[in-house]
Each structure stands twice: as C-alpha cells, then as structure tokens.
Amino acid sequence: MVLTGAGISAESGVPTFRGGGNTAVWKGMPFDMISSARMLEGDLPAVWEWFNYRRGLLEKLKPNAAHFALAQWQDRFQDFMLVTQNIDNLHQAAGSRDVVELHGNIWRARCPTCATRHDLRELHDGSLPSCSDCGDPLRPDVVLFGETLPPGAFERAAEKAQSCDLCFVVGTSAVVYPAAGLPEIAGNAGAYVVEVNPERTPLSDLCDEVITGNAGEILTLL
Ligand code: BJW
Ligand code: ZN
C-alpha cells in the first residue's frame, strides 16, 4: 500500500500545509482554523471562499512524475492500494483507479441534510451552492479538523495496512490522525515501511527505510 500526502503534489505546484518550518495561512488565519468543523458551523461562506480559491489554484495544475509512477504501480503489483490524504484529485488525473480518499475531494460538494454528493464542475458558479435534491446549502466534500472520515475509508485502508508486505509513505508530515497511524499499523503487522520525503517526520524513526528526496525523482527511480 502507498499512503500519500500533500508533498506528492508539491512538484505539480500545489502548496503544502506544513513543511520547511511554515504553516499555510489564508487571510491571516492558519489553515487549521479555516479548515475546521467550527468554522463551517460559524461561517460557511468563508469556508466556500477558501475552497473556491484553492480550486482556482488547482484548475491549471497537472499530475507530476510521482503521480504517474504510482498509476503504473497499480498495474505492476497484483494487490495494490493507494490511500491519499489529498483532496486535489491529481492521482485520479494521472490514471490511478479506486483511490481511497481519506479527506474527501475538493471537486465535490456534499449535502449535510440528504448526504447527496455533487460534482462542483457541473454546478453553476453562484455565491453559495445548494442541493438540487432538497435545496439546502451544500458544503465542500472534504474532511475538516474535528470531523470524522468518510464511512469505510479509514477501515479499508487500515485493513490493507494490516495485511500488506510493503508500505510506502510519500510526502506527508505524518502529524494528522488517524491517517498518520496507518504506517504504524502496517509496521506493527510486519510490513516493510518506507518513507519518501525531503524532510524527516515523526514517523521516520519507525520506518525500515527513509529515502530522503522529492517524490517525483525517487518514485521514478524506484
Ligand atoms: C515532499 C515534497 C516533495 C514537500 N516530495 N515530499 C490523535 C492524536 C492527536 C490529535 C488527533 C488524534 N486523532 C484525531 C485528532 C485530531 C485531528 C488531528 O490529527 N490533529 C493533529 C494535527 C494534532 N484529526 C482530526 O480532526 C481528523 N478527524 C478525526 O480524527 O475524527 C475523529 C474525531 C472527531 C472529533 C474529535 C476527535 C476525533 C480529521 C483530520 C482532517 C484533516 N483535514 C485536512 C484539511 C482538509 C481540507 C483542506 O485541504 O483544507 O487535511 S488538514 C491537512 O493536513 C489536510 C491534509 O490531508 C492533512 C495532512 O497533511 P499532509 O498531507 O501530511 O501535508 P503537510 O503539508 O503537513 O506535509 C507535506 C509533507 O510533504 C512535508 O513533510 C514535506 O517535507 C513533504 N514534501 N515537498 C515529497 N517534492
Ligand atoms: Zn440535499
């Protein structure tokens, strides 16, 4: 199994949340304040503005060599699972199928009332999108701090972590739970755990191997 984080998209031009000693900030707010359940309850328009801004950045960006390498691995290995914390859809754009999205997808909206999911590329630009089924205001289909993960997603990933032989952890600072617990589950169950990251993380000491470098270069070499 492969677990990816924001760092795998860095070479496509997607800003990471953390790393290099910096934390993403928007309009003076740290991202973990705006990407939170509390902000969603208090100021849904501000949350939409933040995600609309992010979609605008992503619109022009393309998958990089690391995304393409992983899309090839799915055909090279019989029993492969790609688990991502990313919401940018770049794995799918590179050809990866059946990606386990732990934190949702920025191109989708969700209705909190009737749970219907909507493709934002098909919704007309309006101030606040509303549900075509029940009319209630939609929210971005992403997992904010303090919210639970989509039903089944973590369970699927954890089951694979329990049974895999090899676990790659690529481009994540490994501080956000429960995602960051997956490599530990894999390691405890006997998998060989390999981290690919230009910086060390809290996970590095638990890994069997740490490959220091950028995902695009390292995954292509592998
Ligand atoms: C490169 C590179 C290159 C650069 N190549 N690499 C247990 C302990 C403590 C706290 C908790 C816990 N369990 C739950 C919590 C609370 C919280 C949490 O984990 N907090 C910690 C931060 C303290 N977790 C949650 O709230 C989660 N929900 C939950 O657990 O529900 C149950 C519950 C409910 C209520 C109360 C308690 C429990 C939900 C977490 C949702 C995370 N959502 C976000 C935002 C999504 C929307 C958005 O995009 O705005 O997801 S946060 C943000 O961080 C985003 C990411 O997916 C996630 C992880 O970040 P990631 O991918 O690791 O990126 P970075 O930027 O941190 O790191 C980039 C890395 O790349 C760096 O290491 C670079 O070096 C590297 N890099 N260039 C390779 N070229
Ligand atoms: Zn609805």
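A polar contact here is a pair of N or O atoms within 3.5 Å. Keep that cut-off in mind at the first stops. The model on screen is predicted.

**Stop 1: ligand 1 and its polar contacts**

Select Gly 146 together with ligand 1. A backbone N or O atom of Gly 146 sits 2.8 Å from a ligand oxygen atom, inside the 3.5 Å limit.

Move to Tyr 177. One of its polar backbone atoms is 2.7 Å from an oxygen atom of ligand 1.

Now pick Asn 214. Here the side chain takes part: a polar atom of it lies 3.2 Å from a nitrogen atom of ligand 1. Turn on the surface next. Taken alone, ligand 1 exposes 1500 Å², and the protein buries 76% of that area.

**Stop 2: the shell around ligand 1**

Widen the selection to the 34 residues around ligand 1. Which of them come nearest? Label Arg 18, Ser 35, Arg 54, Thr 172 and Ser 173.

Colour the shell by residue class. It splits into 16 nonpolar, 13 polar and 5 charged residues. Then colour by secondary structure. Helix α3, residues 44–58, gives the largest share of the shell, with 3 residues.

**Stop 3: the zinc ion**

Leave ligand 1 and centre on ligand 2, a zinc ion. Which protein atoms are its donors? Show the SG atoms of Cys 111, Cys 114, Cys 131 and Cys 134; they lie 2.3 to 2.4 Å from the zinc ion.

Check the geometry. The angles among the 4 donor atoms run from 100 to 122 degrees, and the site is tetrahedral. All angles between 85 and 135 degrees is the test for that label. Along the chain, the donors follow the spacing C-x2-C-x16-C-x2-C.

Trace the backbone between two of these donors. Cys 111 is in the loop between β6 (104–110) and β7 (117–119), while Cys 134 is in the loop between β7 and β8 (139–142). The pair therefore ties together parts that are 23 residues apart in sequence.

Are these two cysteines buried or exposed? Cys 111 has 1% relative accessibility, so it counts as buried. Cys 134 has 34%, so it counts as partly exposed.

**Stop 4: Val 143**

Finish at Val 143, in the loop between β8 and α6 (153–163). Its relative accessible area is 18%. Buried means under 20%, so Val 143 counts as buried.

Add Asn 105 and draw a C-alpha to C-alpha distance. Val 143 and Asn 105 are 8.7 Å apart in space, with their positions 38 residues apart in sequence numbering.

Terms used. Residues numbered from 1 in each chain as written. Chains lettered and ligands numbered in written order. Predicted model: local features only at pLDDT ≥ 70, side-chain atom pairs only at ≥ 80, totals over all residues. Heavy atoms only, no water. Near = heavy atom within 4 Å. Polar contact = N/O pair within 3.5 Å; in protein donor to acceptor, adjacent residues only side chain to side chain. Areas by Shrake-Rupley, 256 points an atom, 1.4 Å probe, with all protein chains shown as cover. Helix = DSSP H or I, 4+ residues; strand = E, 2+ residues; numbered from the N terminus. Nonpolar A, V, L, I, M, F, W, Y, C, P; charged D, E, K, R; others polar. Donors = N, O, S within 2.8 Å, 3.2 Å for Na, K, Ca; no water. Tetrahedral: all angles 85-135°; square planar, octahedral: opposite > 155°, others 65-115°. Buried < 20%, exposed > 50% of the residue type's maximum accessible area, 1.4 Å probe, protein only.
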